[in-house]
Amino acid sequence: MHRYRFVLFRPLQFLPVLFGISVITFILVRLIPGDPARVLLGTRSTPTAIARIRAQYGLDEPIWLQYFYFVQNLGKGEMGKSILYKIDVLKLIITRIEPTLVLVLTSVLLSILIAVPMAALAARNSGRLPDHAVRIVSTLGIGFPPFWLALMLIILFSVKLGVLPVSGYGDSFVDKAAHLVLPSLTIALSLSAVLTRSLRAAMIVELQSDLATAARARGMPESIVFWRHVLPNSLVPTINLLAVNIGWLIGGTVVVETVFAIPGMGQLLVRAIFSRDYMVVQGVAMVFACATVLVNFLADIVTVTLDPRVRL
């Protein structure tokens, strides 16, 4: 079990990363043009009212002191109070986690279900027509922007065919599932294109490896060789690639949630940026950063489990 020793000290290495993200996010948010107090008051803004709002939320303090209060609140398990929603940021984020989490999980599952068969088809027919077709499709998938792909899916399945809802999240389980089909498919089509190319290349290498050759020499059918030896060994680099692309996946959910009007953290982040709601932007950014770090940590554990030769 010594190869799992990294589990003990790896979380300590994440602390400087999260600290750096908090500093960068804190500074970048405050570089956004506009005054949140003025945005909040709108046409009713007066110098006195603006000064009162800024004092209420600590926006009149020096930036270093504001950051100190932010870190102090994080240490207490708090993220401040939203200027726009008038509630605690942590409570607000908790109400928005479910749509984003379900969207990410279903998108990853769909992308794997798409990528594995396509990569297997291409690898087992390397250099032939199926391989070329898969490579062309995956290249096109990488080139399509998520927002454009989302609009095309809406036009096809919602406007033309009328089989799926255009936007929203729904109330019941069945309604939510129907509303998440198009958003999940939008992200999955883009992500599966990247995974397919990586998995195809890994499978081709494993098909020519000594392990596969020895399995064939023992009289194993090609299908058994492929699914028992080639596929498990090919998943290691793909899992790492998926973990690296988690940041892109989170960015994709921000765009997709906005297009499909899903009340998740992505939509919350976009609205907070436009309204200059500093606390919400910082809180969502920290949650996304923690999610990214956690996914990479889990990917390391899975990698070590699948390949005992790996040492982290």
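Helix α7 bends by about 25° at I154. In this predicted model, α7 covers residues 146-160, and its 15 residues should span 21 Å at 1.5 Å a residue. The end C-alpha atoms of α7 are 20 Å apart, which agrees with that expectation. I154, where the bend is placed, also belongs to the buried part of the helix, together with L149, A150, L153 and S158. An α-helix has 3.6 residues a turn, so residues three or four places apart point the same way. The cover over the buried residues of α7 includes α8, residues 173-207, and α11. After α7 comes G162, whose phi is positive, near 65°.

Helix α11, part of that cover, leads on to another pair of helices. Two packed helices are described by the angle between their axes and the distance between the axes. For α11 (residues 246-260) and α12 (residues 265-274), the axes come within 7 Å and cross at roughly 85°. A crossing angle from 65 to 115 degrees counts as roughly perpendicular, and α11 and α12 are therefore roughly perpendicular to each other. On the α11 side the contact is made by V254, E257 and T258, which meet M265, G266, Q267, L269 and V270 of α12. By character, the residues of this contact divide into four nonpolar, three polar and one charged.

The loop between α11 and α12 contains A261. Most residues other than glycine have a negative phi. A261 is not a glycine, yet its phi is positive, about 55°. With a relative accessibility of 34%, A261 counts as partly exposed, a class that lies between the limits of 20% and 50%.

Two residues from other helices may be considered next. F70 lies in helix α4, which comprises residues 63-75. Its relative accessible area is 3%, and F70 is therefore buried, the limit for that class being under 20%. Apart from its neighbours within four places in sequence, F70 is in contact with S22, F26, Q282 and M286. One of these partners, Q282, is 212 residues from F70 in sequence, while the C-alpha atoms of the two residues are 9.1 Å apart in space.

P117 is found in helix α5, residues 89-124. At 46% relative accessibility, P117 counts as partly exposed. P117 and I87 are 30 residues apart in sequence, and their C-alpha atoms are 47 Å apart in space.

These details can be set within the whole chain. The chain has 13 helices and zero strands, and from the N terminus on its elements therefore run as α throughout. Taken along the principal axes, the C-alpha atoms fill a box of roughly 85 × 55 × 35 Å. Of the 312 residues in the chain, 43% are buried, F70 being among those classed in this way. Among contacts with a separation of 6 or more, 73% join residues 24 or more positions apart. The contact of F70 with Q282, with their positions 212 residues apart in sequence, is one example of such a pairing.

Terms used
Residues are numbered from 1 along each chain as its sequence is written. This is a predicted model: local features need pLDDT of at least 70, side-chain atom pairs count only at pLDDT 80 or more; totals for chains, interfaces and linings use all residues. Side-chain values use heavy atoms; hydrogens and water are left out. Axes are lines fitted to C-alpha atoms, for helices over the stretch in contact, and angles run from 0 to 180 degrees between N-to-C directions. Helices (H or I, at least four residues) and strands (E, at least two) are DSSP runs, numbered from the N terminus. Angles under 35 degrees count as roughly parallel, over 145 as roughly antiparallel, 65 to 115 as roughly perpendicular and the rest as oblique. Contact means heavy atoms within 4.5 Å. Ala, Val, Leu, Ile, Met, Phe, Trp, Tyr, Cys and Pro count as nonpolar, Asp, Glu, Lys and Arg as charged, and the others, Gly among them, as polar. The expected span of a helix is 1.5 Å times one less than its number of residues. The bend at a residue is the angle between axes fitted to the seven residues ending there and the seven starting there. Buried means under 20% relative accessible area, exposed over 50%, partly exposed in between (1.4 Å probe, protein chains only).
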